[in-house]
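Subject: Structure handover and notes

Dear colleague,

I am passing on the structure we spoke of, and my notes follow below it. Please read them with the coordinates open, and tell me where you would word something otherwise.

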Amino acid sequence: EGFEDEPLTVMPVGHSGAAVSEDFAQHLSRWLAKLMTEDRYELGQMRAQQREQRNQEAFEAWKQRKDMEARSKVQDGKASVPNWGRGFERQRPSREQYE
């Protein structure tokens, strides 16, 4: 009562074992190289996104920690609350400023 007792059917699948033509071998090599290149590119993109996300999460955690430290100092009357993470955008000089 189960698949263990059922008869086994074996069928040949795939290549017959004869020599592969040179054209087919080249085509297959190009196809595999393209597939591997695409996979490598996608993996690189995925890793870059993960790295960017980790960096953003680390920055947000740092910002939150600094805000909490600053608020603690404000409550103690030692400082004012800074504006962490704002104004860090680098301002590029205009073309006129280069001239």
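Which residue follows helix 1, and what is the sign of its phi? The residue is Gly77, and its phi is positive, near 80 degrees. Please keep in mind throughout that this is a predicted model, and that each value below is computed from it.

To begin with the overall picture, the protein chain contains two helices and zero strands. Of its 99 residues, 4% count as buried, and the chain exposes about 9,900 Å², of which carbon and sulfur atoms supply 52%.

Helix 1 takes in residues 22–75, which amounts to 54 residues, and it reaches 79 Å from its first C-alpha to its last, a span close to the 80 Å expected at 1.5 Å a residue. Within helix 1, the residues Lys63, Asp67 and Ala70 are buried.

Turning to the charged side chains, the count comes to two salt bridges. As a general matter, side chains of opposite charge can pair when their charged atoms come close. One of the salt bridges joins the side chains of Lys63 and Glu60, with a distance of 3.5 Å from N to O; both residues lie in helix 1, three residues apart, about one turn of the helix. Lys63 counts as buried because its relative accessibility is 14%, under the 20% cut-off, whereas Glu60, with a relative accessible area of 35%, is partly exposed.

Another salt bridge links Glu69 with Lys66, and here the closest N and O atoms are 3.5 Å apart. Glu69 and Lys66 are three residues apart in helix 1, so about one helical turn separates them. Glu69 is partly exposed, its relative accessible area being 37%, and Lys66, at 25% relative accessibility, also counts as partly exposed.

As for the aromatic side chains, the count comes to one aromatic pair. The rings of Phe59 and Trp62 have their centres 5.8 Å apart and their planes at 25 degrees, so this pair is stacked, given that planes under 30 degrees apart are classed in that way. Phe59 and Trp62 are three residues apart in helix 1, and therefore about one helical turn lies between them. Phe59 counts as partly exposed at 30% relative accessibility, and Trp62 counts as partly exposed at 27%.

Finally, there is the nonpolar surface to consider. A nonpolar patch of about 650 Å² is made on the surface by Val20, Phe24, Leu28, Trp31, Leu32, Leu35 and Met36. Among these residues, Met36 is found in helix 1. Is Met36 buried or exposed? Met36 counts as exposed because its relative accessibility is 53%, and the cut-off for that class is over 50%.

When you go through the model, I would suggest taking the patch residue Met36 and the stacked rings of Phe59 and Trp62 as places to start looking, and then the salt bridge of Lys63 with Glu60 together with that of Glu69 with Lys66.

With best wishes

Notes. Residues numbered from 1 in each chain as written. Predicted model: local features only at pLDDT ≥ 70, side-chain atom pairs only at ≥ 80, totals over all residues. Heavy atoms only, no water. Patch = residues over 30% accessible without salt bridge, like charges linked within 9 Å, V, L, I, M, F, W, Y side chains within 5 Å. Areas by Shrake-Rupley, 256 points an atom, 1.4 Å probe, with all protein chains shown as cover. Salt bridge = Lys/Arg side-chain N within 4 Å of Asp/Glu carboxyl O. Helix = DSSP H or I, 4+ residues; strand = E, 2+ residues; numbered from the N terminus. Buried < 20%, exposed > 50% of the residue type's maximum accessible area, 1.4 Å probe, protein only. Expected span 1.5 Å × (residues − 1). Phe/Tyr/Trp six-rings, centres within 6.5 Å; stacked < 30°, edge-to-face > 60°.
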